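This briefing sets out selected features of a single structure, grouped by topic. Please read it alongside the sequence and the coordinates shown below.

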Amino acid sequence: MYRYDTYDQTLVDERVAQFRDQMRRYLEGKISDEEFLPLRVQNGLYVQRYAPMLRIAIPYGMLASYQLRKLGEIAARYDRGYGHFTTRTNLQLNWPKLEDVPDILADLASVQMHAIQTSGNDIRNTTTDQFSGIAGDEDVDPRPWCELIRQWSTFHPEFAYLPRKFKIAVTGAEEDRAAIQVHDVGLRFWRNEDGDVRVKVLAGGGLGRTPMIGAVMCEDLPWQHLLTYLEAILRVYNQYGRRDNKFKARIKILVKALGIDEFRRRTEAEWAHLKDGPQTLTDEAISAVADHFVEPPRRDVAEEAIQDYARLRGENRAFARFVTNNVTDHKVPGYKAVTLSLKRPDHSPGDVTSEDMAAVADLADEFGYGELRVTHEQNLVLTDVPVDRMEELWQRLETLGMANPTVGTLADLICCPGGDYCSLANAKSIPVAQEIQQRFEDLDFLYDLGPLELNISGCMNACGHHHVGHIGILGVDKKGEEYYQISLGGSQGNESSLGKILGPSFYREDVTNVIDKLLKVYVGERTPDETFLDTYRRIGLKPFKEHVYA
């Protein structure tokens, strides 16, 4: 993992001191609410429905065990004993006191963490594949490139006040697990026939009020020009993006209005002033960052142990279920990545208690090398588990209640905090998620359905990514009452698509029954080995709509 150098640490420490003084003056009445707003949002501090909310950055989803342990301590000391992992791989505290926030930031700085640029109209936390560096289908490890983007974008003086927030996603694998097509900028690193690194650049994607799939800006950008090309895109957006209407201020609206060809022309005209300039990357610059991402000292796993693991999987049905759904192949023989589900009916999706954070941090030290990942599906990943210890890990997770063998199933739904917390929400998300989990908890039924992504958002901001769920649920307000709109056919990944609205919205008490009807159509119409998304794409929206509204 990347570790701060003296420049990083000094920058973060000075920001803590600066914000502590700003908070003091605000609480003393020397700074107005209006003056304090841009200061707090640049430090991840929101004013939510019932209390402040602090969003903590987890750059490209990587966590050290000691950092997760510290997050648990902070949640216990300054909040209500839990945190919420978001679809941007950050952690949110929903109940901190305003006067405690500077102390929280100081505690974060002690373990090389911060809340900088987790809100505001700036470049947000860059996200990537949760299996980066260990995936077998990876052409290029995206982590060093994500770190370069972090260093370039943090406190970038030209982009501190963009027309709207700006999000970048990066992948280096054949399978897109970072949803690069629905981000303001998506980057796909690959190698040409000579083994040289190239970058496919997409722009203009995004969800929210006007969802769009990103368009290709450049198919084969040489890696040396990554930052200068990004700078050119941001400059064009900063100059021409709308500032008169926040609902039309995202880069996707500008790309749509200009057309991708004209947007590309303007970007390349701007790039002509930057190309081969001081921000052009060199081998030395890449090596300096890549050296931080060293391979852990993995021991060899005996072939006999690998065979024993396969045998146990065949003999123990419960263990086999866990492995099938929660365990992912690793590029190193004898090792696996293990996804820990944070989706339990007694917890809000993505929530984890202080006690569980400490326990998972211990597991990362004991069964791996002190490293974890946060996924945009709101789960956690242990990256380097030897198969000869998999059964022991599984048993430990069972005692913690975190061995739910449901990753990738209907029960592994994505859900924003919704109206229970967020002041922007039109409706509650968490109760709907819990009702669905309770209704469809039978494992045999979940496995029979196969891969199925259900995403829930409490408003059009789409923090729950409902547009790209195979089944998407959106909370809407109708004259003060909560209703829910259903969409079908969304997808993230290599073949990203936006869901289509099923029809008129539903009362909350009807949502679970509607989901049941949709699933019955799928089960009745599917062919062997066909997934929900396959069936939808073959038969279309009409059969689902007819059955639900019959």
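**Strand pairing and helix packing**

V170 stands opposite L187 in β8. This register belongs to a predicted model, in which strand β7 (residues 168-171) and strand β8 (residues 185-191) pair in the parallel sense over 4 bridges. The points below cover the sheet, the helices lying on it, a helix pair and a mostly covered helix.

**The open sheet**

- The sheet is open and has 5 strands in the order β6-β7-β8-β9-β10, with mixed pairing.
- Its edge strands, β6 (127-128) and β10 (215-222), each pair on one side only.
- Between β7 and β8, a further bridge joins I168 to its partner V185 in β8.
- β8 and β9 pair in the antiparallel sense over 7 bridges, and G186 stands opposite L202 in β9.
- The hairpin of β8 and β9 has 5 residues between the strands, and there G195 takes a positive phi near 85°.
- Because 5 of its 7 residues are buried, β8 is largely enclosed by the rest of the structure.

**Helices on the sheet**

- Helix α6 (residues 226-240) lies across β8, β9 (197-203) and β10, and runs at about 155° to β10.
- Helix α8 (residues 260-271) also packs on the sheet, where it touches β9 and β10. The direction of α8 makes about 35° with that of β10.

**The α3 and α4 pair**

- Helix α3 (residues 65-78) packs with helix α4 (residues 101-109) at an angle of about 165°, and their axes are 10 Å apart.
- With angles over 145 degrees counted as roughly antiparallel, α3 and α4 are therefore roughly antiparallel to each other.
- The crossing in which α3 passes α4 is right-handed.
- On the α3 side, the contact is made by K70, L71, I74, R77 and Y78, which meet D103, I104, D107 and L108 in α4.
- The residues of this contact of α3 with α4 divide into 5 nonpolar, no polar and 4 charged.

**The covered helix α11**

- Helix α11 (residues 317-326) is mostly covered, with 7 of its 10 residues buried.
- The buried residues of α11 are F319, A320, R321, F322, V323, N325 and N326.
- These buried residues pack against three helices and two strands by name: α10 (303-315), α13 (390-400) and α15 (443-449), together with β11 (327-329) and β12 (335-340).

Technical notes
Residues are numbered from 1 along each chain as its sequence is written. This is a predicted model: local features need pLDDT of at least 70, side-chain atom pairs count only at pLDDT 80 or more; totals for chains, interfaces and linings use all residues. Side-chain values use heavy atoms; hydrogens and water are left out. Axes are lines fitted to C-alpha atoms, for helices over the stretch in contact, and angles run from 0 to 180 degrees between N-to-C directions. Angles under 35 degrees count as roughly parallel, over 145 as roughly antiparallel, 65 to 115 as roughly perpendicular and the rest as oblique. A crossing is left-handed if the near helix is turned anticlockwise from the far one by less than a right angle, and right-handed if clockwise. Contact means heavy atoms within 4.5 Å. Ala, Val, Leu, Ile, Met, Phe, Trp, Tyr, Cys and Pro count as nonpolar, Asp, Glu, Lys and Arg as charged, and the others, Gly among them, as polar. Two strands pair if DSSP finds at least two bridges between them. Buried means under 20% relative accessible area, exposed over 50%, partly exposed in between (1.4 Å probe, protein chains only).
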